[in-house]
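Colleague: I have a chain open and would like to go through it with you. Can we take it one topic at a time?

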Amino acid sequence: MKTNTLTQSIVDCFTADNKVNTIQQLLHVCTCSEVTLRRRIKQIGMLVSYNFNSKFYTLSSMASFNDYGIWDHRGILFSAYGSLTRTVKELIDNSKSGYTPTELSSILHVRVSDLLRVQTDKQYFNRKKVGREYVYYNSDEQVFTGQYKERQLLTASSSLKNDATGVLKEKAVSYTLL
């Protein structure tokens, strides 16, 4: 009986106007220890922010995720996949052509280069240098091969576009000089 009451107290803390709470805010409403509260939060399957040192909590039903599984609520970031580490792995594993740290940072709105380096050392990802930047790929060899080929095609088409743009700019400059 007490279990259901505590769970209901936690759930009642979240409303349309109050979608995100800290552990301190939840403790203020719930009459239990912090250890008990954290255990219940885990049982409920609440989402924890992956920025602000995991300070904020929300219910998954409150989140409105984008195509990448990210929800940005007033600068507080949540992932449908859980932690930042799991989110990065999910994004890389399911990408068509891998991701650079710059691309991932753009998607996740946080710096990920240190995380990528550590996870690569643990062999969670394959990493290849393309141009001036590393690209991170799925650790499964078959998936990696497909992603790597797709990245090469993207890089080649990008190079062609840059060359064409450069030629057009040069021609525009030469015409204005005449």
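Modeller: Here are the overall make-up, two helix contacts and the cysteines, in that order. Keep in mind that this is a predicted model.

Colleague: How many helices and strands does the protein chain have?

Modeller: The protein chain has 7 helices and 7 strands. Along the sequence they come in the pattern α-β-α-α-β-β-β-β-α-α-α-β-β-α.

Colleague: And how much of the protein chain counts as buried?

Modeller: The figure is 35% of its 178 residues. As for contacts, among those with a separation of 6 or more, 49% join residues 24 or more positions apart.

Colleague: Now the helices. What do people use to describe two packed helices?

Modeller: Two things: the angle between the axes and the distance between them.

Colleague: At what angle do helix 4 and helix 5 cross, then?

Modeller: Roughly 120°, with the axes coming within 12 Å. Helix 4 covers residues 84–93 and helix 5 covers residues 101–108. That angle makes helix 4 oblique to helix 5. The crossing is right-handed.

Colleague: Which residues make that contact?

Modeller: Helix 4 brings Leu84, Thr87, Val88, Leu91 and Ile92, and helix 5 brings Leu104, Ile107 and Leu108. By type, the contact of helix 4 with helix 5 has 7 nonpolar residues, 1 polar and no charged.

Colleague: What about helix 4 and helix 6, at what angle do they cross?

Modeller: Roughly 75°, and their axes come within 11 Å. Helix 6 is residues 113–121. Helix 4 and helix 6 are therefore roughly perpendicular to each other.

Colleague: Which residues are in that one?

Modeller: From helix 4, Leu84, Thr85, Val88 and Ile92; from helix 6, Leu115, Leu116 and Gln119. The contact of helix 4 with helix 6 divides into 5 nonpolar residues, 2 polar and no charged. Leu84, Val88 and Ile92 of helix 4 appear in the contact with helix 5 and also in the contact with helix 6.

Colleague: Changing topic. How many disulfides are there in the whole structure?

Modeller: A search finds 0.

Colleague: Remind me what a disulfide is?

Modeller: A covalent bond between the sulfur atoms of two cysteines.

Colleague: Why is there no bond between Cys30 and Cys13?

Modeller: Because their sulfurs are 5.0 Å apart, which is too far, and Cys13 holds the closest cysteine sulfur to that of Cys30. A disulfide needs the sulfur atoms within 2.5 Å.

Colleague: And which cysteine sulfur is closest to Cys32?

Modeller: The one in Cys30, at 5.3 Å, so that pair is too far apart for a bond as well.

Colleague: Is Cys30 buried or exposed?

Modeller: Cys30 is buried, with a relative accessible area of 3%. Cys32 is partly exposed, at 21%; the cut-off for buried is under 20%.

Notes. Residues numbered from 1 in each chain as written. Predicted model: local features only at pLDDT ≥ 70, side-chain atom pairs only at ≥ 80, totals over all residues. Heavy atoms only, no water. Axes fitted to C-alpha atoms, helices over the stretch in contact; angles between N-to-C directions. Helix = DSSP H or I, 4+ residues; strand = E, 2+ residues; numbered from the N terminus. Parallel < 35°, antiparallel > 145°, perpendicular 65-115°, else oblique. Left-handed = near helix turned anticlockwise from the far one by under 90°. Contact = heavy atoms within 4.5 Å. Nonpolar A, V, L, I, M, F, W, Y, C, P; charged D, E, K, R; others polar. Buried < 20%, exposed > 50% of the residue type's maximum accessible area, 1.4 Å probe, protein only.
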